[in-house]
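Colleague: I've got this one open on my screen and would like a walk through it. Could you take me through the rings, the sheet and the core?

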Amino acid sequence: MVTLSLTSASTIARPVDTDAGLTDAQRSWRTASLAMMSIRVIQGFIYWGGGSRRFIYAPSKLNPDAPTWMANKFQTAMLGALFGTDHLISFMLHHFWLLYTGVILFSAAELIVGAMLMAGLMTRAAALVSIGFSVLLMAMFGWQGATCIDEWTMAACNLAMGATLLLGGSGAYSIDNVLIRRDPALAGKRWFRWTAGSLPLPIKDIAFRKLALAVLGFVLVFNIGTYSHYRGSVVTPFHGGPVSPTKHHLTVSDARFLPDGSVRFHVYLDAGTPEAPVHVVAADLLDASNQPVAHYDDAALSALPNAAFANDYAYNKFAPGPFGIRAPMGAAASVTLPPPASAAAVRARSLRLTDVDGRTFSARLDGAVTD
């Protein structure tokens, strides 16, 4: 077991310029503590920066009436979110006060945890919370990014950094050190050793080794497992992922004629980049031979009234645009097209949408998806 007297604990915590009088074990601990300062400070800055942007530098992210309101970002992430977080996001998007409270609390937690890590205050407890942040962010946003999946890369690095700080603590130049210098009796309190970071964990060497290997195992399994799921390149060739972060995809369903002859269908933009919206430039009704019997061009789609769009969510929405129907990532809506002018439309068996890149997405008029 790692044992330290109150005197030696105070000695390790003191930021002296000489290591005279320290044992080899104490000297190694201080060396490791100094070496990890960059990890602790930058890990803290990353999370402090996320919280401070929303509260201080870009408060519009917390403004529900602003286009940069965080709900829009959550909706873009919903498509590829893992472990059921897509359902959580959807539920929150339908309950404003739950969503708003969650955004505020998460942003405040990022700000506080980031400041604690930079200052070295209750370092291990803050590091544990940062691990939770990394896991949550990777599960929600990790699929986004064209090639190197940027969101996954940042969260994966933060997870490893948080795990390192959880095991190693803060050590040098931290408020944890100040606390133990002022009250050396804290060195004998297990709760302080487990939550702060100025001293090694109060466990035997073999137990620490097992803990470190378990933490490493978790980090490896989670990081490599999610990377393999998103992009392969581990036991399978590189692939674009179950949800493409670059190419828009529309899922069309529940297409049907209404009694007045109009056509209603549900459409969900469930893949692509949040950097650009999709533009649906044509809609066609097709007969049993897949020949068009009615056509809506971009001008007709642009002329649709807002009442023709019943959006599932209050944030990213389908709406008429300058080049037909326009929608940002994650938008979902029931859309109603006016009755077709052609009498031949009665032979229609399916609906086909065409986007600005020429990709087509279809559904049977009885609601069964055909592609």
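Modeller: Sure, let's start with W97: at 63% relative accessibility it counts as exposed, since exposed means over 50% relative accessible area, buried under 20% and partly exposed in between (1.4 Å probe, protein chains only). Bear in mind that this is a predicted model, where local features need pLDDT of at least 70, side-chain atom pairs count only at pLDDT 80 or more, and totals for chains, interfaces and linings use all residues. Residues are numbered from 1 along each chain as its sequence is written, and side-chain values use heavy atoms, with hydrogens and water left out.

Colleague: How are the rings of F96 and W97 arranged: stacked, tilted or edge-to-face?

Modeller: Rings of Phe, Tyr and Trp (its six-membered ring) pair if their centres lie within 6.5 Å; planes under 30 degrees apart are stacked, over 60 edge-to-face, the rest tilted. For F96 and W97 the centres are 5.0 Å apart and the planes stand at 75 degrees, so the pair is edge-to-face.

Colleague: And what sort of aromatic pair do F96 and Y100 form?

Modeller: These two sit 4 residues apart in helix 6 (residues 96–119), about one helical turn; helices here are DSSP runs of H or I, at least four residues, and strands are runs of E, at least two, numbered from the N terminus. F96 is partly exposed at 29%, and Y100 is partly exposed too, at 24%. With 5.7 Å centre to centre and 25 degrees between the planes, the F96 and Y100 pair is stacked.

Colleague: Which residues do ring pairs link into a cluster?

Modeller: The pairs we just went through belong to it. The cluster is made up of W69, F96, W97 and Y100.

Colleague: On to the sheet: which strands stand at its edges?

Modeller: It's an open sheet of 4 strands in the order 1-2-8-5, with antiparallel pairing; two strands pair if DSSP finds at least two bridges between them. Each edge strand has a single partner, so one side of each is left without a neighbour in the sheet: strand 1 (249–257) and strand 5 (309–311).

Colleague: Which residue in strand 8 does Y268 stand opposite?

Modeller: Strand 2 (residues 263–271) and strand 8 (residues 332–337) run antiparallel, joined by 6 bridges. Opposite Y268 in strand 8 is A332.

Colleague: Last one: which helix gives the largest share of the largest nonpolar core?

Modeller: A nonpolar core is a set of buried Ala, Val, Leu, Ile, Met, Phe, Trp, Tyr and Cys residues joined through side-chain atoms within 4.5 Å. This one has 52 residues, and F265, F318, L337 and L351 touch the most other members. The largest share, 6 residues, comes from helix 8 (residues 150–168).
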